[in-house]
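Visitor: Please take one part of this model and go through it closely. I would like the annotated regions first, then the residues and helices inside them.

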Amino acid sequence: MKFSNIKLILLIGIIALFCMQYTLPTFKKDYGEVIEQYKKPIQYWPKPSVDADVKWKEFESIEWDSNYYETQELPEVMLGKKLFFDPKLSSSSQVSCSSCHNPELGWSDGQEVALGNDHLLGKRNTQSLYNIADRTSYFWDGRAKTLEEQLIGPISAHNEMNMKPEKLAGKLSKYKEYKQLFKEVYHTDKITFNHIANALATFQRTIRSQPSKLDKFINGDHKAMSDKEIYGMHLFRTKARCMNCHYGKYLTDESFHNIGLTYYQREYEDLGLYHITKDSDDVGKFKTPSLRDLSYTAPWMHNGLMDDLHGVVNLYNSGMQMINPSPEEKKADPKFPVTDQRMKPLQLNNQETEAIVAFLKSISGSYYKMPRPEIPRK
């Protein structure tokens, strides 16, 4: 019996070596060919694997903002920056916008969910402010359509800043320095909430990503990315199907999808877009986040439960279709969430997962550690 087992082990080993002999060279050959394809101008790159109805856009590089420092000296931007970092915008005068959007934490907070007024926890992960000027809707459920409209949410929410917008102008009017700053910008010393919102939004629109390895590579510096990162980009665009939702300059379709993290009728339940539309087809849908500067904005997902990129890729690798309702369950409960059809098992191996993670890390550029401004005290 033992002899038979030994023979079986030897046989398996011989077969494995035989397979490696004939598969590894082919893999290396294909790997090299793919990398060389990407070292051509972007219009010659392999087309991505996307579903027929996806109106995808090719990757686009971002440029270094050469006017950044001059922009930061503009009066309205300077006013907005002071307001952004000033805890007086909260009812307790202890919580500022920067409490949840810290420039040294990728303009997020590094926590699963936001911590606000009276140390109350929010329900969703704090979204980064990188490139916020180019979004088409705001919040994970898209309930605000402009940045100025979005500002009302965190300022007024009881578990965030807990400040009534109609009282904020009066509070700031007690400070001579603020009255002077608002007069310089808006030509009136009467402070209004609209002026506060305009100044805050103007400052936030200056928060932009800086070029990453990917941007340098797109622009022709083919040494900017390693072979592993390039291969990971290829997998991202093809086998991993990521470009069904993450494409263009900011690697997002600016749309909403249910990727299977609704936790329906369980702890962490969040029905997402459904809360806004009341359409049962929208249960569990959340906005596709940009992947820019991903390395600085962990944890990820709307609930902040993912803090490892390997775990994120493995989640998508599973396809998440195993949690869909049966026809009987869906008939009995129309709100039972159905995972987006774009989610499919990917059959990525460990080597491919590692390559994709390497590529995801290459999307992060350097960031400027913004010094905090002087806040009006009197």
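Guide: In this predicted model, the span of residues 75-180 is 36% helix and 0% strand, and its end C-alpha atoms lie 11 Å apart. UniProt, in an unreviewed entry, lists this span together with residues 227-364 under "domain: Cytochrome c". Over residues 227-364 the chain is 31% helix and 3% strand, with 17 Å between the end C-alpha atoms.

The same kind of record also supplies a "binding site" annotation: the unreviewed UniProt entry places it on C97, C100 and H101. In the computed geometry, C97, C100 and H101 contribute to the lining of the second largest pocket.

Two of these positions can be described further. C100 belongs to helix α4, which covers residues 97-100. Its relative accessibility is 11%, so C100 counts as buried, the cut-off being under 20%. Beyond its neighbours within four places in sequence, C100 is in contact with W107, S108, D109, A114, L115 and T126.

H101 sits in the loop between α4 and α5, the latter being residues 147-156. With a relative accessible area of 16%, H101 is buried because that value is under 20%. Residues up to four places away in sequence aside, H101 touches F84, W107, S108, T126, Q127 and L129. W107, S108 and T126 therefore appear among the contacts of C100 as well as those of H101.

The other listed span, residues 227-364, can be examined through a helix pair. Two packed helices are described by the angle between their axes and the distance between the axes. For helix α10 (residues 227-237) and helix α14 (residues 350-361), the axes come within 7 Å and cross at roughly 100°. This angle makes α10 roughly perpendicular to α14, because 65 to 115 degrees is the range for that label.

On the α10 side, the contact is made by K228, E229, Y231, G232, M233, L235 and F236. On the α14 side, the contributors are E352, E354, A355, I356, A358, F359 and L360. By class, the residues of this contact divide into nine nonpolar, one polar and four charged.

Burial along α10 can be read alongside that contact. The helix is mostly covered, with nine of its 11 residues buried. The buried residues are E229, I230, Y231, G232, M233, H234, L235, F236 and R237. Among them, E229, Y231, G232, M233, L235 and F236 also take part in the contact with α14.

Notes: Residues numbered from 1 in each chain as written. Predicted model: local features only at pLDDT ≥ 70, side-chain atom pairs only at ≥ 80, totals over all residues. Heavy atoms only, no water. Axes fitted to C-alpha atoms, helices over the stretch in contact; angles between N-to-C directions. Helix = DSSP H or I, 4+ residues; strand = E, 2+ residues; numbered from the N terminus. Parallel < 35°, antiparallel > 145°, perpendicular 65-115°, else oblique. Contact = heavy atoms within 4.5 Å. Nonpolar A, V, L, I, M, F, W, Y, C, P; charged D, E, K, R; others polar. UniProt positions renumbered as here; feature names shortened; annotations may be inferred. 1 Å grid on protein atoms, 1.4 Å probe; cavity = no way out; pocket = protein on both sides within 12 Å on 5 of 7 lines; lining within 4 Å. Buried < 20%, exposed > 50% of the residue type's maximum accessible area, 1.4 Å probe, protein only.
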